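Here's a quick briefing to read with the model open next to you. We'll start with one cut-off, then go through the fold, the charges and the rings.

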Amino acid sequence: EFINFMKKVLLNGINILDKMDGVVLYDNTTGTTGTVALSETAENFNSLEIFFGKKDYSGSIIYNSLKIHNPNEKKANLNLFYRATETVQQAIYAHINVSGTSITKTYYGSINYSITGSVGSASVTDNSIVIYRVVGYR
């Protein structure tokens, strides 16, 4: 039986567990709608995976994730389409910037649709996408 107390499996000096399982750079069960402070710079990773979500009308969190290749100094969009109320579906987005040890939102908003398909309302101030976890892969 092999017991790995260091949580490392080295191959040519590289921890291959970092490539498979990744390195958790941010993890918060309540998440944040603000700036995410990463525990290590994005420059050190080949890709980042961002896990995010938003509560639906029943209180359940609808999750999604996005993986960004060569993530440092990159911009991306977090997008969700979900049932916001009994009669409204919502497309919601957050434009993010990954830079060094932070992920910041630069634009965000939402568009509401009735369940019959007609556009209801839109917002450019809806900052309700929550980032829960960020994992880096070397």
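A residue counts as buried under 20% relative accessible area and as exposed over 50%, with partly exposed in between. Tyr113 has a relative accessible area of 24%, so Tyr113 lands in the partly exposed class. Keep in mind that this is a predicted model.

**Overall fold**
- The protein chain has 1 helix and 11 strands.
- Going along the sequence, the order is β-β-α-β-β-β-β-β-β-β-β-β.
- Of the 138 residues in the protein chain, 38% are buried.
- Take the contacts with a separation of 6 or more: 53% of them are between residues 24 or more positions apart.
- The protein chain has an accessible surface of about 8,100 Å², and carbon and sulfur atoms own 53% of that.

**Aromatic pairs**
- You'll find 2 aromatic pairs in the structure.
- One of them is Phe81 with Tyr113: the ring centres sit 6.0 Å apart with the planes at 55°, so this pair is tilted.
- Phe81 comes from strand S7 (residues 74–83) and Tyr113 from strand S9 (residues 102–114), so the pair ties together parts 32 residues apart in sequence.

**Salt bridges**
- The structure has 2 salt bridges.
- One of them joins the side chains of Arg133 and Asp27, at 3.1 Å from N to O.
- Arg133 sits in strand S11 (residues 130–137) and Asp27 in strand S3 (residues 23–32), so this bridge ties together parts 106 residues apart in sequence.
- As for exposure, Arg133 is partly exposed at 30% relative accessibility, while Asp27 is exposed, with a relative accessible area of 51%.
- Glu40 and Arg138 also meet through their side chains in a salt bridge, with N to O at 3.1 Å.
- This pair links distant parts of the chain, 98 residues apart: Glu40 is in the loop between strand S4 (36–37) and S5, and Arg138 is in the segment after S11.
- Glu40 is partly exposed, with a relative accessible area of 22%, and Arg138 is partly exposed too, at 29%.

**Glu49, a buried charge**
- Glu49 belongs to strand S5 (residues 47–55).
- What is the nearest side chain of opposite charge to Glu49? That's Lys67, 4.7 Å away, and Glu49 is buried yet has no salt bridge.
- A salt bridge needs the nitrogen and the carboxyl oxygen within 4 Å, so the Lys67 distance of 4.7 Å doesn't qualify.
- The Glu49 side chain does have a polar contact of 3.1 Å with the side chain of Tyr137.
- Beyond its neighbours within four places in sequence, Glu49 has contacts including Ser65, Leu66, Lys67, Arg133 and Tyr137.

Notes. Residues are numbered from 1 along each chain as its sequence is written. This is a predicted model: local features need pLDDT of at least 70, side-chain atom pairs count only at pLDDT 80 or more; totals for chains, interfaces and linings use all residues. Side-chain values use heavy atoms; hydrogens and water are left out. Helices (H or I, at least four residues) and strands (E, at least two) are DSSP runs, numbered from the N terminus. Buried means under 20% relative accessible area, exposed over 50%, partly exposed in between (1.4 Å probe, protein chains only). Lys and Arg count as positive and Asp and Glu as negative; His and the chain ends are not counted. A polar contact is a pair of N or O atoms within 3.5 Å; within protein, one must be able to donate a hydrogen and the other to accept it, and residues adjacent in sequence count only if both atoms are side-chain atoms. Contact means heavy atoms within 4.5 Å. Accessible areas come from the Shrake-Rupley method with a 1.4 Å probe; for residues, only the protein chains shown count as cover. Rings of Phe, Tyr and Trp (its six-membered ring) pair if their centres lie within 6.5 Å; planes under 30 degrees apart count as stacked, over 60 as edge-to-face and the rest as tilted.
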